Amino acid sequence: MPKTIKKVGVLTSGGDSPGMNAAIRSVVRTCAYHNIECIGIYRGYQGMIEGDFKEMGPRSVNNIVNKGGTILKSARSSEFKTAEGRHKAHENLLKAGVDALVVIGGDGTFTGALLFNKEFDFPIMGIPGTIDNDIFGTSHTLGYDTALNTVVEVIDKIRDTASSHNRLFFVEVMGRDAGHIALNAGIGAGAEEILIPEEDLGLERLLESLQKSKASGKSSSIVVIAEGDKIGKNVFELKDYVEANLPEYDVRVSVLGHMQRGGSPSCFDRVLASRLGVKAVESLIDGKSNFMVGLQNDAVSLTPLEQAIKGKTMIDRELLRVSDIMST
Ligand code: F6P
C-alpha cells in the first residue's frame, strides 16, 4: 500500500512558459478532486527555502487557464544548490505538512528535484515546462506550441516588410541549446534557410543558398536562426558578413527575444497542461515518485526524472530536408 498523500506542494521554477498556469490549475483541482490539500510555493525552490507558501483550493485558480507566465512566479535559486538551503526547504515543507511535490520546469528544476528526493526521500513528480522543447521523454513541453505560434505570427509580419522592400531578414529565435523552435517555426513561416545548434550549415553554404535563392527569382528572404546556432557568428556579425559578400542584399536583423516566452497559451498547451497535471497528482497518489509526466504518441507517459535530465532530444532530420525542398 502506498503511503497516503495528504498535502501536495506545487511550484514553477526556471524560465516561465505559457501553460504553466494551466498546469498549476490542473494540479490544484486534481488534488481537490481527490480530497488532498494543496499549497502553492512561490518563486520555485527559493520560496521553498523561505517558506513562501499559500494554501490553494479550486477557486484560487479561477481564470488562469488562459494566462501566460506563472501566478506562482519563478526563480533560479542558487541557495537550493547548497545542502543547507535544501535542509531549510525540507524543514519548511514538514512544518507546513506537505508530503509530496509537483515541480513544473526544465532540466535544472528536475536536477534539484532528484537531489531533494535522494536526500529526504520526498515524493516528487515533474511536469516539463519550457518553450525550448528540449526535454527527453516528451514530444512537447509546456509552452512550446504557443511559442511556435507566436514566432510564426511575428515572422508573417516581418515578411510583409521583407517583400515590400526586397530585403533579407535574419530572425533570431530562442533556443540556447536546441533548434526545435527555429526548425518548426521556420518551416511554418516559409523561411529560406534555418540555422540550428544541432547542424552547422557553414557560412559558405549559407552564401550559396542565398545566391541561389536570388537567382531563382526571389526578391526577399527570411532566414531563421536559433540563438544557439553554431555558425560561428552572432546574428549581427552574420548580417555584416552577408552584406560584405553579397552586396545585392539589403539585410535587416530582428531578435524576437522574450516575447516568445509570454502570451496566452495555445489550446494545445492548455490541454497538455491539464492532462499532465492530472497524471502528476494521480501518480503521487499511486505511490510513484521521481518521474516526469510527458506526452508520447499522444498518450500521457512517465519517464524517470534521471532519464529526462540525461537523455538528449533529437531534432527530426527529415524536417531539415523538408525545409530544403520548400525553399526551392
Ligand atoms: O526558457 C529557455 C530559454 O527560452 C532559452 O531559449 C533562452 O536562452 C533562455 O530561456 C533565456 O532565459 P533568461 O530569461 O534567463 O534570459
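**Reading a ligand site between two domains**

Visitor: Where should I begin with the ligand, say with Asp132?

Guide: Begin with a polar atom pair: in this predicted model, a polar side-chain atom of Asp132 lies 2.9 Å from an oxygen atom of the ligand.

Visitor: Which other residues place an N or O atom by a ligand oxygen?

Guide: Check side chain and backbone separately. The side chain of Glu227 has an N or O atom 2.6 Å from an oxygen atom of the ligand. For Arg176, a backbone N or O atom does this, at 3.5 Å.

Visitor: How much of the ligand's area does the protein bury?

Guide: Compare the ligand alone with the ligand in place. Alone, the ligand exposes 400 Å², and the protein buries 79% of that. The space that the ligand takes is the largest pocket.

Visitor: What residues make up the shell, by class?

Guide: Sort the neighbours by side-chain class. Five charged, three polar and two nonpolar residues form the shell around the ligand. Among the residues around the ligand are Arg76, Thr130, Ile131, Met174, Gly175, His258 and Arg261.

Visitor: Which domains supply that shell?

Guide: Map the neighbours onto the domain bounds. Domain 1 (7-143 + 265-310) and domain 2 (145-261) each give at least three residues to the shell.

Visitor: How far apart are the C-alpha centres of the two domains?

Guide: Here the C-alpha centres of domain 1 and domain 2 are 35 Å apart. Their contact takes 13 residues from domain 1 and twelve residues from domain 2.

Methods. Residues are numbered from 1 along each chain as its sequence is written. This is a predicted model: local features need pLDDT of at least 70, side-chain atom pairs count only at pLDDT 80 or more; totals for chains, interfaces and linings use all residues. Side-chain values use heavy atoms; hydrogens and water are left out. A residue is near a molecule or strand if one of its heavy atoms lies within 4 Å of it. A polar contact is a pair of N or O atoms within 3.5 Å; within protein, one must be able to donate a hydrogen and the other to accept it, and residues adjacent in sequence count only if both atoms are side-chain atoms. Accessible areas come from the Shrake-Rupley method with a 1.4 Å probe; for residues, only the protein chains shown count as cover. On a 1 Å grid over the protein atoms alone, a cavity is a set of points where a 1.4 Å probe fits but cannot get out, and a pocket is an open set with protein on both sides within 12 Å along at least five of seven lines; lining residues have an atom within 4 Å of a point. A molecule sits in a cavity or pocket if more than half of its atoms lie within 2 Å of its grid points. Ala, Val, Leu, Ile, Met, Phe, Trp, Tyr, Cys and Pro count as nonpolar, Asp, Glu, Lys and Arg as charged, and the others, Gly among them, as polar. Domain bounds come from an automatic or database domain assignment. Contact means heavy atoms within 4.5 Å.
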